[in-house]
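Grab a pencil and take a look at the model below. We'll work through a few exercises together, one step at a time.

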Amino acid sequence: MPQTVATWNVNSLKVRLPHLLDWLGRHAVDVVCLQETKLTDDRFPVAELQAAGYRSVFAGQKTYNGVAILLREAGTAAATEVQVNLPNFADEQKRLLAVTLDGLRVVNGYFPNGQAVGSDKYEYKLAWLAALTDWLRGELARHEQLLLAGDFNIAPEPRDVHDPALWEGQVLFSEPERAAFLALLGLGLKDSFRLFEQPERSYTWWDYRNLAFRRKMGLRIDHILLSNAAAARCTACTIDVEPRRREQPSDHAPVIATLG
DNA sequence: ATGGCATGACAATCATGA
């Protein structure tokens, strides 16, 4: 069973492939959940990742969205029970990919952004979240060891937001979105990051504008949730901000969970 | 109040993100 699992919204795998390959060379994580690959499947960089020691499972589309799961050859069994998108939610957008790895169910999601509270895209986000929650209930019944990773586009608590007063009621931090996050926890999932002491102002996303990263003006919206059995094995969860400091970075940083 | 910045499709701006 895999020991380390990461999630990273790369905001275009084409642009970020050099960063990703460099990062994989330094971290050797067993499983990497990617979001916003923005690539059709025929353009996925299978060979480059294979050369780096990773097999790829992916579901993409042109321009937007797209998810992938990378599996380190040396650290993981073959993927079984591959699921693309939610079976209970008809959707053209490629936002969900799940695989089973030697008994661990890995669910990778690129949750809708929601654009603005009250918009059509916000309603779509809440409907997608409701469908995800319904589907996960069954998945958890079938898989004691389960992990839900990805870009949730939800900051669950005030401490996950650089300026909670400014963000109150805004998309990514609105009450219905936070309630949907709590409903996921209510299924029997734990936020792996909060299982441990963490630095103040820990975030996973910073706006490209206004020097937001340097000014620590971020949000913690990328998460790794664990079933109780998986949480019992979890020994660490960290955010790696190093890639965000580089030239031409993704606006998201990777999150890494370690399972004992 | 608006745009700031980044990416992709497309060929000058525009949709989208968060």
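Two strands count as paired if DSSP finds at least two bridges between them. Helices (H or I, at least four residues) and strands (E, at least two) are DSSP runs, numbered from the N terminus. This is a predicted model, where local features need pLDDT of at least 70 and side-chain atom pairs count only at pLDDT 80 or more, while totals for chains, interfaces and linings use all residues. Residues are numbered from 1 along each chain as its sequence is written, and chains are lettered from A and ligands numbered from 1 in the order in which they are written.

**Exercise 1. Find the strands that pair with β4, and work out whether β4 is enclosed or in the open.**

Step 1. Start with strand β3 (residues 54-59): β3 and β4 pair in the antiparallel sense over six bridges. Within that pairing, Ser56 stands opposite Leu70.

Step 2. Now try strand β2 (residues 31-35), which is joined to β4 by five bridges and also runs antiparallel to β4. Here Cys33 has Ile69 of β4 as its bridge partner.

Step 3. Check burial. A residue is buried if 20 or more other C-beta atoms lie within 10 Å of its own, exposed if 12 or fewer, and partly exposed in between, with C-beta atoms placed from the backbone. In strand β4 (residues 67-72), six of the six residues are buried, so β4 is largely enclosed by the rest of the structure.

Step 4. Look at the two faces. In a regular strand the side chains alternate between the two faces of the sheet. For β4, Val67, Ile69 and Leu71 are buried on one side, and Ala68, Leu70 and Arg72 are buried on the other.

**Exercise 2. Put the strands of the six-stranded open sheet in order and describe its edges.**

Step 1. The order is β5-β6-β7-β8-β12-β9, with mixed pairing.

Step 2. At the edges you'll find β5 (80-84) and β9 (189-191), each with a single partner strand, so one side of each has no neighbour in the sheet. On average, neighbouring strands here are turned by 15° against each other, direction ignored (the axes are lines fitted to C-alpha atoms, for helices over the stretch in contact, and angles run from 0 to 180 degrees between N-to-C directions).

Step 3. Follow β5 inwards. β5 pairs with strand β6 (residues 96-101) in the antiparallel sense over three bridges, and Val84 has Leu97 as its bridge partner in β6. The number of buried residues among the five of β5 is zero, so β5 lies largely in the open.

Step 4. Compare the pairing further in: strand β7 (residues 104-110) and strand β8 (residues 146-151) are parallel, over six bridges. Arg105 has Leu146 of β8 as its bridge partner.

**Exercise 3. Describe how α3 sits against the sheet and against α5.**

Step 1. Helix α3 (residues 120-142) lies across β7, β8 and β12 (222-227), and runs at about 155° to β8.

Step 2. Next, the axes of α3 and helix α5 (residues 175-186) come within 10 Å and cross at roughly 10°. That makes α3 roughly parallel to α5 (angles under 35 degrees count as roughly parallel, over 145 as roughly antiparallel, 65 to 115 as roughly perpendicular and the rest as oblique).

Step 3. Who makes the contact (C-beta atoms, placed from the backbone, within 7 Å)? On the α3 side they are Leu126, Leu129 and Thr133, and on the α5 side Pro176, Ala180, Ala183 and Leu184.

**Exercise 4. Decide whether two loop residues, Gln145 and Glu168, are buried or exposed.**

Step 1. Gln145 lies in the loop between α3 and β8. With 20 other C-beta atoms within 10 Å, Gln145 is buried.

Step 2. Leaving out residues up to four places away in sequence, Gln145 touches Gly103, Leu104, Arg105, Ser227, Ala229 and Ala230.

Step 3. Glu168 is in the loop between α4 (164-167) and α5. With 12 other C-beta atoms within 10 Å, Glu168 is exposed.

**Exercise 5. Locate two non-glycine residues with positive phi, Arg201 and Leu211.**

Step 1. Arg201, with phi of about 55°, is in the loop between β9 and β10 (205-206). Arg201 is partly exposed, with 13 other C-beta atoms within 10 Å.

Step 2. Leu211 has phi near 55° and is found in the loop between β10 and β11 (218-219). Leu211 is exposed, with 10 other C-beta atoms within 10 Å.

Conventions:
Two residues are in contact if their C-beta atoms, placed from the backbone, lie within 7 Å.
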